[in-house]
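Here is a set of short exercises to work through with the structure open beside you. Try each task yourself before reading its solution.

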Amino acid sequence: MAGAAVLGRLEAPLAWRVATVAAVREETPRVRTLVLDVDGWPRHRAGQHVDIRLTAEDGYQAERSYSVASAPGDPLELTVELVEDGEVSPYLVEELDVGDVFELRGPIGGYFVWEPGHGGPLLLIAGGSGVVPLRAMLRTRPSDVPARLVYSVRTLGDVIYRDELDRLGGDVVVTLTREQRESRRSGRVDAELLREVGFGPGEAPRIFVCGPTSFVEAIASALVELGHAPERVRTERFGPTGR
Ligand SMILES: Cc1cc2nc3c(=O)[nH]c(=O)nc-3n(C[C@H](O)[C@H](O)[C@H](O)COP(=O)(O)OP(=O)(O)OC[C@H]3O[C@@H](n4cnc5c(N)ncnc54)[C@H](O)[C@@H]3O)c2cc1C
C-alpha cells in the first residue's frame, strides 16, 4: 500500500491552472514576452518550462511547451517567437492581449535546470528563442559565478532581451548568421568560436545548449570535439528547423 501511495504521488498529473495576461512586452518584431498572473503558481527553477493549452470555441485544443523566461520568485514570464505558419505561436504573439486567459501547467523538468548550488562556471549557448531559459539562468546567477552566453541569431534586430544582454558586456557574445555589423561577430557558432570565447574543458563549466534541433546537435558535436565531458552538457530542443 505504501509503495502504491508513493507511486501515485510520483505519477499525479500536474494540474491545469488559469493564466491571465498581466502585461505584454514586444522584444523584437517577431517575439513577445507575456507576463502572467497564475493563481497558486509554485516557485519554478531556472531552465524549467510550462505546457500551455488553448481551447477553441468548438472545443478543439492545442498544447505547446514554453520555457520560463523569468527568475525563480519573479512573476511568470514566457517569451514566444512567431512561427509564421504555426498553429499556436501566431495567436500568442499577435492576438493575445492584457486580460486574456488561457490554461497552463507546470513548472516541468528537472534535467535542463540550473541553480546556484550547482556551481559554475556557466557556459550557455543559444540559437534564436533558445535564449529564453538561459536568460532565466543568467538572472538566477549570483555575481561570483562566472558565466558566458554565446547567442546565435539571424540579425541584430532579432536579438531578444537586447538591452539586458548588452548590460552584461563581455559575458555575452552575439553572433549574427545573416548579417554583418561592425563590432558584432558574424557566422555560425562552431568549435573555433567556442574555443575562443567559451570556458575550456579544464575549467569544467556547466554547459546548457538550447535552440532548434539542428543547432543543438551541431553545438553538442562541437563541444565533444573540444573535449568537454558529455555529462556536463545539457540540451533542450525547441523545434525542427535550423537557423
Ligand atoms: C521544452 C520546450 C520549450 C520551448 N520553449 C519555447 C520558448 O520559450 N519560446 C518559443 O518561442 N518556443 C518554444 N518552444 C517551441 C514551441 O513549443 C512551439 O513548437 C513553437 O511555438 C511553434 O508552435 P506553433 O504551434 O506556432 O507551430 P506548429 O503549428 O507546431 O508548427 C508549424 C510549422 O513550424 C515548424 N516549427 C515548429 N516548431 C518550430 C520552432 N520552434 N521553430 C521553427 N519552426 C518550428 C513545424 O515543423 C511546422 O512546419 C519550446 C519547445 C519545447 C519542446
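**Exercise 1. Find which strands supply the lining of the largest pocket, and describe that pocket.**

Keep in mind that this is a predicted model.

Step 1. Start with the strands. At least two lining residues come from each of β4 (61–67), β5 (76–81) and β12. The top contributor is β4, which gives the most to the lining, with 4 residues.

Step 2. Look at the whole lining. The largest pocket has 30 lining residues, and E81, V83, S129, F238 and G239 are those nearest its centre. The space inside amounts to about 730 Å³.

Step 3. Sort the lining by character. You should get 9 nonpolar, 12 polar and 9 charged residues.

**Exercise 2. Work out where the largest pocket lies relative to the domains.**

Step 1. Mark the domains. The domain assignment of the protein chain gives domain 1 (12–108) and domain 2 (116–237).

Step 2. See how the two are placed. Their C-alpha centres are 24 Å apart. Across the boundary, 19 residues of domain 1 touch 15 residues of domain 2, counting heavy atoms within 4.5 Å as a contact.

Step 3. Draw the conclusion. Both domain 1 and domain 2 give residues to the lining of the largest pocket, so the pocket lies between them.

**Exercise 3. Trace the antiparallel sheet from edge to edge.**

Step 1. Write down the order. This open sheet has 6 strands, arranged β4-β3-β6-β1-β2-β5, with antiparallel pairing.

Step 2. Check the edges. β4 and β5 each have a single partner strand, so one side of each is left without a neighbour in the sheet. From one strand to the next, the twist averages 40°.

Step 3. Follow the pairing from β4. Strand β3 (residues 49–55) is joined to β4 by 7 bridges, and R53 stands opposite E63 in β4. These two strands form a hairpin with 5 residues between them, and G59 in the turn has a positive phi of about 95°.

Step 4. Move on to β6. There are 4 bridges between β3 and β6, where D51 has R105 as its bridge partner. Another 4 bridges join strand β1 (residues 17–28) to strand β6 (residues 101–108). Here R17 is partnered by L104, while A19 is partnered by F102.

**Exercise 4. Trace the parallel sheet, then place two helices on it.**

Step 1. Write down the order. Again 6 strands form an open sheet, this time as β10-β9-β8-β7-β11-β12, and the pairing is parallel.

Step 2. Explain the edges. Since β10 (185–186) and β12 (233–237) have a single partner strand each, one side of each is left without a neighbour in the sheet.

Step 3. Zoom in on one edge. Strand β9 (residues 172–176) runs parallel to β10 and is joined to β10 by 2 bridges. In this pair, T175 stands opposite R185.

Step 4. Add helix α3 (residues 131–140). This helix lies across β7 (122–127), β8 (147–153) and β11 (206–211), at about 155° to β7.

Step 5. Add helix α6 (residues 213–225). Beneath α6 you should find β7, β8, β11 and β12, with the helix running at about 155° to β11.

**Exercise 5. Which strand at an edge of the antiparallel sheet gives the most to the lining of the largest pocket?**

Step 1. Recall the edges: β4 and β5 stand there.

Step 2. Recall the lining: β4 gives the most, with 4 residues. The strand you want is β4.

Definitions and conventions
Residues are numbered from 1 along each chain as its sequence is written. This is a predicted model: local features need pLDDT of at least 70, side-chain atom pairs count only at pLDDT 80 or more; totals for chains, interfaces and linings use all residues. Side-chain values use heavy atoms; hydrogens and water are left out. Two strands pair if DSSP finds at least two bridges between them. Axes are lines fitted to C-alpha atoms, for helices over the stretch in contact, and angles run from 0 to 180 degrees between N-to-C directions. On a 1 Å grid over the protein atoms alone, a cavity is a set of points where a 1.4 Å probe fits but cannot get out, and a pocket is an open set with protein on both sides within 12 Å along at least five of seven lines; lining residues have an atom within 4 Å of a point. Grid points are joined across faces, edges and corners, and a volume is the space filled by probe spheres set on the points. Ala, Val, Leu, Ile, Met, Phe, Trp, Tyr, Cys and Pro count as nonpolar, Asp, Glu, Lys and Arg as charged, and the others, Gly among them, as polar. Domain bounds come from an automatic or database domain assignment.
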